[in-house]
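Visitor: Before we go through this model, could you tie each descriptive word to the criterion behind it?

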Amino acid sequence: MARINELRDGVFAVSTDNWRLNSGLVLGTRRALVIDTGAGPRQAREILGAVRSLTDLPLTVVNTHAHYDHFMGNAVFQRDGAEEFWAHRACAEAIQEHGDYQRSYVGTHEPEMAAADGPDTRLVVPNRHLPGTGRRPALTRVDLGERGAVLFSLGRGHTDNDVCVGVDDVVFTGDIVEQGADPSFDDSYPRGWATALEHLAALDRYRVFVPGHGHPVERGFVLQQAQTMRTAIERVDASEAAAAQPEGLRPVTASMFRLPYNPGAARILLDRLERIRVEDAATAALAALPGPQPRAD
Ligand SMILES: [Zn+2]
């Protein structure tokens, strides 16, 4: 059963058990906004049931990023009448390109979605986009009738397509903020992510931060997560700098970096930083070639 938590007048967190997901609901006078739709029709029906126990308004949807648990329930909301699905442009592109692959992640809880077999198992790609490419901050406003929600991107972080949704003094952060588990670095941009967290924590208007997973948190938690991430990145950088010295030794195992995360998350962070380093070096080498330049953004 979905759990409903009214955070402010007409602003709700809708929490479901699988993946400890938090969806959101914001009520205007003409429309309501649903934030994140679950990993398939089963979870989406739970979320929709909670939403429909609270409002009969037509629904608009926003997907905070292109990870399966945040968008694979879209078809259930489309069947309910939702026409506008908001996301970052790069989120829509990622769903288009990699959405089907992500079915392989949901077999245990959403077997129909995994098999692409059954009602509401098609992928619904977001059709309304924030401006920009995802690398730089961007913002738009969705009017719900006597209330608006602000959709904004803080640049690359947990993914290259994260969107936060702010209304009143509440902000739904997607997986930029994670409560109860280490951050998921899999396709993240850790340096940009730490910066995004610092920017998020500096937005004075917000007092309640609803993470993609876990309990709502306060500003101090967001700051702490930013500082922990900075510390981790600095330790990796320091190790790399030491290894670059004559006779320098590079840590061999993840634990030797003494990162403030569990070994699994630490390993993924290290792999991710290394991969980005290689990609950046390749981009720089490419840019040094004569001929058409890759676009800076
Ligand atoms: Zn995610």
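**From helix 8 to the sheet**

Guide: Among the elements that cover the buried residues of helix 8 are helix 6 (190-201) and helix 7 (219-244). This is a predicted model, in which local features need pLDDT of at least 70 and side-chain atom pairs count only at pLDDT 80 or more, while totals for chains, interfaces and linings use all residues. Residues are numbered from 1 along each chain as its sequence is written.

Visitor: Which residues of helix 8 are called buried, and what makes them so?

Guide: They are Ala266, Ile268, Leu269, Leu270 and Leu273. A residue is buried if 20 or more other C-beta atoms, placed from the backbone, lie within 10 Å of its own, exposed if 12 or fewer do, and partly exposed in between, so these five meet the first of those conditions.

Visitor: What span does helix 8 reach, and what is expected of it?

Guide: Helix 8 (residues 263-287) has 25 residues and reaches 36 Å from its first C-alpha to its last. The expected span is 1.5 Å times one less than the number of residues, and the span reached is close to the 36 Å expected. Helices here are DSSP runs of H or I with at least four residues, and strands are runs of E with at least two, numbered from the N terminus.

Visitor: What makes strand 1 and strand 2 a pair?

Guide: Two strands pair if DSSP finds at least two bridges between them, and strand 1 and strand 2 have five, in the antiparallel sense, with Ile4 opposite Val14. They form a hairpin with two residues between them, where Gly10 in the turn has a positive phi of about 75°. Strand 2 is joined to strand 3 by six bridges, also antiparallel, whereas strand 4 (residues 32-35) and strand 5 (residues 59-62) run parallel, with four bridges.

Visitor: How are the strands ordered, and why are strand 1 and strand 7 said to stand at the edges?

Guide: Seven strands form an open sheet in the order 1-2-3-4-5-6-7, with mixed pairing. Strand 1 (3-8) and strand 7 (128-130) each have a single partner strand, so one side of each is left without a neighbour in the sheet.

Visitor: Why is strand 2 described as largely enclosed?

Guide: Six of the six residues of strand 2 are buried, so the rest of the structure largely encloses it. Val11, Ala13 and Ser15 point one way, and Phe12, Val14 and Thr16 the other. In a regular strand the side chains alternate between the two faces of the sheet.

Key
Contact = placed C-beta atoms within 7 Å.
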